[in-house]
Structure formats: C-alpha cells, structure tokens
Amino acid sequence: MSIFGYHGVYTTVDATTGTSSQSSITESTFRRFPGGSALGTHLLLKHNAWQHDPLSAESSLVFAFSPLIGSPLTTSAKFAVVSRSPLTGRLNDSLASSSFALAGKKSGNDAILITGKAESPCILVIDDQQTRKLPADHLWGLSAEDAEASLREQFSGDHHFAVIGSAGEQQVAYATISHSGRHAGRGGSGAVLGAKNVKAIVVAGNQRTQWADTDGLVKRAKQLSKLSFGPATEKYRELGTAANLLVFNRLHCLPTRNFQRGSFANSDQFSPEALGAARDKTRSSCAACTIGCTHLYSINSGTSNRNVRIEYENIYALGPLCDVQDPEAVLQASQLCDELGIDTISTGGTIAFAMECVERGLLDEPWLRFGDGAALLKAIHLIGTGAGLGKLLRLGSRAMANIIGHNSIAFAPQVKGLEIPGYEPRALQTMALGFAVGTRGADHNRSGAYEIDFSDTADRRNGTASAARLAVDTEDKAAIMDSLILCKFLRGVFIDYFAETAELLNLITGWGLDQSAMQNMARGIIDAKKEFNIRCGWTPVEDTLPQRMLNSALQDDPEARLDTQTLQTMITAYNLERGWTADGYLDEMLSK
Amino acid sequence: MFVTIEYFGVPRQKTGVSSDSLSFANSPTSLFDVLTEIAERHTAFGEQCLTGDELSRETIINLNGDQFVRSLDTQVVNGDHILILSTDAGG
Ligand code: SF4
C-alpha cells in the first residue's frame with residue numbers, strides 16, 4: 001500500500017559494480033524520520049556506516065529526499081546529503097536546493113544510498129531505466145559547473161546532476177557537492193563521493209507521489225507563498241544574508257583575524273549596499289522558491305565574467321576572518337572556492353588559522369599574512385593543487401593543528417573539526433552552547449541559538465543554564481526544517497512553529513500529527529544523530545570550544561568573556577534537557 | 001536629551017539613512033515615544049516598526065550594543081544608542 005508523500009523505497013547503488021537494489025521503508029520509519037537529515041541519519045545507522053572510514057569503499061553516503069519535495073509548498077525543493085564526515089569523523093548532513101531534489105524524488109526513491117568504490121572515474125545514473133554506471137574520465141578534473149554543463153549535453157533535459165569539483169576528486173576534507181550553482185557545502189561530502197571515484201549522480205524520472213489533502217495543500221501553499229513576500233523574509237529578498245555583516249560588526253560578534261577580534265576595520269565596504277554600488281548585481285532563486293535570497297555580484301577584475309554568489313558566511317570567512325579588507329579579493333576567493341568545490345567557511349577558517357601560525361612563527365610560510373588578499377588567493381589555489389602548504393591546508397584546521405603541534409589546537413577555529421561560522425561565541429553565548437554540542441560540529445544551521453542571543457530572553461554575554469532549554473528548542477526546530485525539508489529562511493513566517501509544520505506534514509501524509517508529536521519527532525531525530533556520533537566514538541570532551549575562547553576575553557569587547565565552567569554548566573543543562581545523561585550519553589541506543 | 005538611532009539592514013534601506021540624532025524634552029523617555037518619533041520621520045519604516053502598541057515581530061532593537069529589548073516601556077536616557085536591526089539576525 002502506498003504512503004502519501006512517499007514512494008516507500010530507497011535504492012542502494014554500489015559504485016564498485018554499478019549494480020543497485022531497492023529496499024522498502026515502512027510508514028512507521030517515516031513517522032520518526034520523515035526525510036532529509038532525519039532519514040539520511042536513520043539509513044546510515046541501519047547500514048552501520050559509523051564503522052567505516054568515510055573515505056573507504058565501504059562507507060555510505062545518502063541522498064535523502066523528503067515528503068514535501070514536488071509539492072507546491074515554497075522552498076521545498078531540497079535534499080540532504082548525509083554521511084560520516086572526513087573532516088570531523090562524525091555525522092555530517094548538508095542540505096541544498098535545486099531541481100536535483102525534484103528529479104531525485106521523481107526517480108521513484110525517497111533516498112539513494114551510495115556505497116562501494118569504482119575502479120575508475122564514473123557517474124551513477126538513477127532514472128526510469130536500469131540504474132547504471134557510466135565512465136567519466138572526460139569529466140575528471142573539470143569544475144563542478146563545467147562537468148554539469150557537459151552532462152547537460154549528454155543527457156535529456158529531465159536529468160539533473162549532483163557533481164563534485166576537482167577538490168572532491170582529490171578528497172579535500174571540506175569538498176562540496178554542487179548542482180545548478182548550489183552546494184551541499186559543509187563537512188566534506190564531496191570528498192566521500194570523490195573517494196568512490198564518482199564524479200556525479202544523475203537522476204531523472206516520472207514517478208509522483210500522492211498527497212492526502214491536495215486541495216488543502218494547494219490552499220496552504222498559496223498562503224505560504226504570499227507570506228514569503230512579506231516582511232518576515234524581506235531581509236533575504238532585499239539584501240541577502242550579507243546584511244548581517246554590519247550588525248555583527250557593530251555588536252563585536254563578527255569574528256576577525258582568526259577570532260582574535262570581534263570587529264573589522266573595513267566592514268562598510270562589505271555591506272550589500274557598498275558591494276552593489278561598485279559592481280553589477282543580480283538576484284536569483286533556488287528551484288520552487290518564492291523568496292529568492294541569492295544575491296550575485298560581478299567581479300571587476302580577473303578573467304571570469306560569471307557573477308559570484310555572496311552570503312554573509314563567505315564574506316565573513318574569506319574577509320574579516322583573514323583580515324582581508326579588499327572586497328574584490330574576497331569575491332574572487334569566493335568564486336575560486338566555488339570553482340574548486342570547497343566549503344568557504346572551512347577554507348577561510350583553515351587559512352586564517354595558518355595565517356596566525358605564520359604570525360606566531362609556527363609555520364615557515366612568510367608570504368601568508370593576515371590582510372593580504374593575494375596571499376588568500378594563492379592559498380586557495382594551493383588547496384586546489386595540493387602543492388606545498390596546500391597539502392596541509394586541505395586537511396582542515398584541526399588536523400593541521402595536530403601536525404603543527406605547539407598547542408596550536410588552542411586557536412584552531414573549530415569544534416569537532418568543523419570550522420566555526422561567523423558568530424563570535426564569547427559575544428553570543430547561547431550560540432556558544434549550540435556550537436559546542438552540535439552533532440556535526442560548530443554549525444549555525446543545525447542550531448539557531450543565536451536567535452536567543454539576539455532577543456530579550458537571554459543576556460548574550462552571560463550564558464546561563466536556563467538558556468539551554470531555549471537552545472534545545474531552536475535545534476529541534478532546525479531538525480524539523482531539515483527533515484521535511486523547508487528552507488530556514490522561511491521560518492520567520494510561522495507563528496506557531498510546531499503546530500504549523502505538523503499541519504504541512506498532515507496535508508501531505510494524512511497522519512494527523514499535532515504540535516507535541518512534532519516536538520517528539522525532533523527529539524528523536526537529534527537522538528539518532530547523537531547515537532551515530534556515539535557509535536563513531538564520540539566522548540564528552542568533544543563538546544567544547546577552542547581554548548582561546550575559554551581563556552581570554554574578546555580583545556575589543558572585554559565584557560565578552562566565557563569560561564570553561566560556564567560553558568560546562570550550560571552543556572550539562574542542555575544534556576539533561578534532552579533527556580540524556582549529564583555528560584551527554586543516551587540512556588539507551590535507539591537503533592537496537 | 002539626545003538619542004542616537006542606528007539603522008541596519010532593511011530598516012536602513014527603508015529610512016534611507018544609517019543614523020538619526022533625535023532630541024526629546026524629557027529624560028528618561030520610553031522606547032515607545034522614541035519609535036513613535038521615528039515612525040513620523042520615516043513613514044515607510046514606521047508602518048512596519050510598530051503593530052499598534054507593540055513592537056512588530058519583524059523589528060529587533062538593541063540598546064547601546066548590549067542588551068536586546070522588546071518592551072516599549074524600556075526607558076531611554078540621554079546619550080543612548082538605539083540599534084534597529086532587520087528581523088532574523090542569522091543566515
Ligand atoms: S530562500 Fe534562498 S536559500 Fe532558501 S530556497 Fe529560496 S533562494 Fe534558496
């Protein structure tokens with residue numbers, strides 16, 4: 001019997017042989033793990049993926065779709081890529097939107113699991129015909145964008161592609177998977193695919209799912225689309241996330257010079273208004289999105305005539321974090337990251353760390369100085385080639401620090417190996433908690449705890465145990481958003497979040513869920529992610545921040561001070577709020 | 001007394017200025033009075049800033065770069081800086 005919103009199956013493709021098999025997924029599983037990050041985590045647990053080196057042939061990588069994909073709900077054309085991360089060794093779930101999500105679901109699957117390792121470069125095709133492995137020697141070495149263009153000529157217009165760039169082929173620890181200019185960016189899923197010699201996943205199909213209440217769904221979709229034109233999403237539409245920069249700078253929570261400072265001298269030059277005044281600007285949207293937050297800017301120098309997509313996070317990581325004050329260099333750096341297929345946050349974080357190592361005499365690379373845009377570009381090129389310092393940089397800041405020694409780990413800007421996004425933990429202490437306990441490491445997409453810091457419910461520079469409950473709530477909301485899947489930029493239109501997301505899921509599935517069922521679902525999803533990490537070898541000492549942030553106040557804001565005891569108090573409160581042991585273990589493992 | 005208003009993001013776009021310096025006869029003055037004055041100066045922003053007697057969901061206010069406030073009874077004193085931000089700080 002079919003399940004509304006689902007095909008009820010996932011396909012496992014073995015890259016070694018090119019063969020595939022289908023397995024069913026029951027409704028009771030979907031009720032706990034409805035799609036996206038949740039479903040991907042569940043399948044990894046089921047396949048014992050924690051046992052394997054993420055870059056080994058035995059590792060698994062899941063493309064997980066969702067019940068909302070293909071529906072008229074705005075921003076629902078999203079998918080998750082879930083695997084064990086080569087950067088962190090822990091769970092990694094990256095999300096992105098594009099027609100790949102729509103075509104992947106129409107291939108008749110709720111998820112596609114890739115395992116094995118091809119002998120030579122290949123693409124894996126999952127469509128209405130038999131799943132097949134095709135040679136891809138002609139694509140190897142191309143950027144994701146060029147490879148996608150070539151695939152578009154090879155396949156019909158119905159096929160869509162998730163592709164790695166040269167960084168993924170070379171297993172750079174923070175390589176991305178790209179599709180139509182969007183990226184499943186964090187944690188190195190591109191390297192996992194590259195280690196399997198898989199250049200691209202190609203999907204197409206004509207299989208649709210049924211919805212429980214089509215009329216109700218269409219009506220609600222119209223309402224949501226209307227709301228998405230309203231004030232709750234105006235910042236994203238009008239300015240893009242780059243608008244954060246001036247605010248964060250003003251509040252001294254814009255990490256600068258590898259987290260040595262919380263404000264940046266040239267921030268005005270990076271505002272959307274200043275960037276737009278000096279160059280051409282265009283705007284675009286992901287597939288099936290009525291918000292359209294993507295702001296692209298032309299690059300005035302260099303050879304490329306492509307506009308580059310600018311977000312707060314790539315400006316932050318390649319600009320202030322490296323103290324590079326020239327917007328043109330930052331735009332070029334961002335474009336280069338996209339061409340190679342590497343995560344901008346980890347790239348900027350790792351280079352900023354290396355710059356500080358040079359400053360402290362721990363690395364003999366005198367050309368790599370804070371503030372030097374040309375050095376930033378050279379370092380990114382080296383990550384691409386793996387030559388010289390590139391060999392170290394492509395490992396990420398934690399692994400680099402472990403090689404360099406001299407307690408440089410104290411200022412490596414990472415949690416669990418994942419470089420920290422642009423939120424200074426000492427100035428945003430609920431977010432500090434969110435970073436410390438995050439299952440994929442320091443992450444602003446899995447924990448929205450900064451929202452608490454930016455509200456009157458917490459004192460942002462004085463973290464307390466009582467903030468833990470609020471941090472849990474933002475994490476639970478993100479878990480639902482990432483599993484239904486909807487874009488986080490839509491979240492502001494919901495007044496009664498869990499009740500409204502329950503309603504959306506009910507319109508698709510007919511399950512009759514209520515607010516508390518959604519909250520329980522969220523808790524179960526976070527538990528499953530934690531279980532995966534525990535099975536990978538997680539221990540409580542991983543839930544922390546770099547020593548720098550626990551030893552000293554922020555240089556330019558002495559009131560922004562966080563100590564180990566305060567952080568530990570918040571972490572313990574968080575663990576208890578989740579129903580775990582005080583040090584963060586699950587009382588019992590779910591998947592047993 | 002004088003109060004400095006700093007606008008960021010959409011509020012800056014709507015007001016067309018990055019800051020205002022406003023004077024008030026009484027010190028302290030309530031945040032409500034300050035926002036009412038701003039709404040009169042910048043009507044496009046004013047329509048969005050207040051919902052009746054409440055701060056709209058879309059408006060975030062910070063006092064002097066320190067504490068975020070929502071209560072319109074918050075007292076503002078001479079020399080204060082009121083930061084008005086776009087909704088949704090992150091992204
Ligand atoms: S709001 Fe932005 S990121 Fe979200 S779906 Fe739309 S275009 Fe994509």
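**Entry 1. Strand S6 of chain A and its partners**

I began with the pairing of strand S1 (residues 9-14) of chain A, which runs parallel to S6(A) over five bridges. The model is predicted, and I read every entry below with that in mind. To fix the register between S1(A) and S6(A), I looked up A:Thr12 and found A:Leu113 as its bridge partner in S6(A).

I then turned to strand S3 (residues 61-64) of chain A, which pairs with S6(A) in the antiparallel sense over four bridges. Here I noted A:Phe63, whose bridge partner in S6(A) is A:Ile112.

Is strand S6 of chain A mostly covered or mostly open? I found five of the five residues in S6(A), residues 111-115, to be buried. I next sorted these residues by face. On one side I listed A:Ala111, A:Leu113 and A:Thr115, and on the other A:Ile112 and A:Ile114; both faces are covered. A:Leu113, the partner of A:Thr12, and A:Ile112, the partner of A:Phe63, thus belong to opposite sides of the strand.

**Entry 2. The S13-S14-S15 sheet of chain A**

I looked up a second set of strands in chain A and recorded an open sheet of three, in the order S13-S14-S15, with antiparallel pairing. Its edges are strand S13 (281-284) and strand S15 (308-309), each of which pairs on one side only.

For the register I took S14 (residues 294-297) of chain A, which pairs with S15(A) over two bridges in the antiparallel sense. I noted A:Leu296 standing opposite A:Arg309 of S15(A).

**Entry 3. A:Arg309**

I followed A:Arg309 further, as a residue of strand S15 of chain A. Which residues does A:Arg309 touch, when those up to four places away in sequence are not counted? I listed A:Thr294, A:His295 and A:Leu296, together with A:Gly181, A:Arg182, A:His183, A:Asn314 and A:Ser334. A:Leu296 therefore appears in my notes both as a contact of A:Arg309 and as the residue opposite A:Arg309 in the strand pairing.

I also took one separation from A:Arg309. The C-alpha atom of A:Asp587, 278 residues away along the chain, lies 44 Å from that of A:Arg309.

**Entry 4. A:Cys253**

I located A:Cys253 in the loop that joins helix H9 (244-250) to helix H10 (272-278) of chain A. Is A:Cys253 buried or exposed? I recorded A:Cys253 as buried, because its relative accessibility is 0%, below the 20% cut-off.

I then listed the contacts of A:Cys253, leaving aside neighbours within four places in sequence. They are A:Phe248, A:Gly262, A:Gly422, A:Tyr423, A:Glu424, A:Ala427, A:Leu428 and A:Phe454. For a separation along the chain I chose A:Gly512, which is 259 residues from A:Cys253; the two C-alpha atoms are 42 Å apart.

**Entry 5. Chain A as a whole**

I counted 23 helices and 17 strands in chain A. Its C-alpha atoms fill a box of roughly 65 × 55 × 45 Å along the principal axes. I compared the radius of gyration, 22 Å, with the value near 25 Å for a compact globule of 592 residues, and the two agree.

I noted that 66% of the 592 residues count as buried. Of the contacts in chain A with a separation of 6 or more, 69% are between residues 24 or more positions apart. The accessible surface comes to about 19,300 Å², with 48% belonging to carbon and sulfur atoms. For charge, I recorded 55 positive and 63 negative side chains, with the centres of the two sets 1 Å apart.

**Entry 6. Chain B as a whole**

I finished with chain B, where I found three helices and nine strands. Along the sequence these follow the pattern β-α-β-β-α-α-β-β-β-β-β-β. The radius of gyration is 12 Å, close to the 12 Å of the globule rule for 91 residues, so chain B is as compact as a globular protein of that length. I recorded spans of about 35 × 25 × 25 Å for the C-alpha trace along its principal axes.

Of the 91 residues of chain B, 56% count as buried. Among contacts between residues at least 6 apart in sequence, I noted that 51% join residues at least 24 apart. The accessible surface is about 3,900 Å², and carbon and sulfur atoms hold 46% of that area. I counted 5 positive and 13 negative side chains in chain B, and the centres of these two sets lie 8 Å apart.

Notes: Residues are numbered from 1 along each chain as its sequence is written. Chains are lettered from A and ligands numbered from 1 in the order in which they are written. This is a predicted model: local features need pLDDT of at least 70, side-chain atom pairs count only at pLDDT 80 or more; totals for chains, interfaces and linings use all residues. Side-chain values use heavy atoms; hydrogens and water are left out. The radius of gyration is taken over C-alpha atoms; the globule rule is 2.2 Å times the number of residues to the power 0.38. Buried means under 20% relative accessible area, exposed over 50%, partly exposed in between (1.4 Å probe, protein chains only). Contact means heavy atoms within 4.5 Å. Accessible areas come from the Shrake-Rupley method with a 1.4 Å probe; for residues, only the protein chains shown count as cover. Lys and Arg count as positive and Asp and Glu as negative; His and the chain ends are not counted. The place of a charge is taken as NZ of Lys, CZ of Arg, CG of Asp or CD of Glu. Two strands pair if DSSP finds at least two bridges between them.
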